[in-house]
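Hi,

Here is the structure I promised to pass on. My notes follow right below it.

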Amino acid sequence: MNDIIIQGIGIFGMACFIISYQIKSNKALYWIQTAGTGLFTLQFILLGAWSGCFNLIMIIIRNVMISKSDKYEWLKWKGWVVVICAVCTMILIFTWAGPLSLLPFVALVGSTIGYWTNNAQKIRLSNLVCASPAWVIYDIFVGSIGGVLSESITIISILVSVYRYGWKNMGDPEFGNKE
C-alpha cells in the first residue's frame, strides 16, 4: 500500500488525540481517543507492527469499558485492571519481536492504571510520564510519523490542559465527570 496513505491514516489518528485532551469530559476524551486508536491500529497493521497493533486493540476495549462504566455497574470492578494487564502480558508473549515489544506493553499497563481511577489528574499523569514516551519510542522504530507527532503533541496538549484547568482542579473527583 502507498506509504502516503499509511502515514495519512496516522495523521488522522493524531488529530483525534490532539482534540481529546482539550475536552473536559473524561467520557468524551475516551471516545475521541478510541477513534484515534482505531486509526493507529489500522496503520500498525499496514506497517506490520503487531505488538503495537494488538495493544491498541486492547486499548479500544479498555476505553469502551471505561466509557460504559456509568451505565453498567460490573464495569466499575477494579479487578479489570488486573485482567487487562494479564491480557496485555499474553499479547506481549505472543507478539514478542524483541525488546521493542515492551514499549506498547508499558504504555498500555501504565495508562490502564491511570484511566481506571477516573481521575483527570491521574489520567493525564499516566500518559505524560509513561504511555506517551513509550509510544513515541515505539512509533520511531516502526515508522509511524503520525504516531511520533501524535504522542509528542499529546504531551504538549496534556501540559496545556494542566495550564487551562489547573493541576489541583484536575484532582477533584468531580472534574472531568461533567459533560
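Asn63 counts as buried because its relative accessibility is just 1% (buried means under 20% relative accessible area, exposed over 50%, partly exposed in between, with a 1.4 Å probe and protein chains only). Bear in mind that this is a predicted model, where local features need pLDDT of at least 70, side-chain atom pairs count only at pLDDT 80 or more, and totals for chains, interfaces and linings use all residues. Numbering starts from 1 along each chain as its sequence is written, and side-chain values use heavy atoms, leaving out hydrogens and water.

Asn63 sits in helix α3, residues 50-67 (helices are DSSP runs of H or I with at least four residues, strands are E runs of at least two, numbered from the N terminus). Apart from neighbours within four places in sequence, Asn63 is in contact with Tyr30, Gln33, Thr34 and Tyr115 (contact means heavy atoms within 4.5 Å). Leu46 is 17 residues from Asn63 in sequence, yet their C-alpha atoms are 23 Å apart.

Zooming out, the chain has 8 helices and 0 strands. Of its 179 residues, 50% are buried. Among contacts with a separation of 6 or more, 69% join residues 24 or more positions apart.

As for overall dimensions, the C-alpha atoms fill a box of roughly 45 × 30 × 25 Å along the principal axes. The radius of gyration is 15 Å, which agrees with the value near 16 Å for a compact globule of 179 residues (taken over C-alpha atoms; the rule is 2.2 Å times the number of residues to the power 0.38).

Cheers
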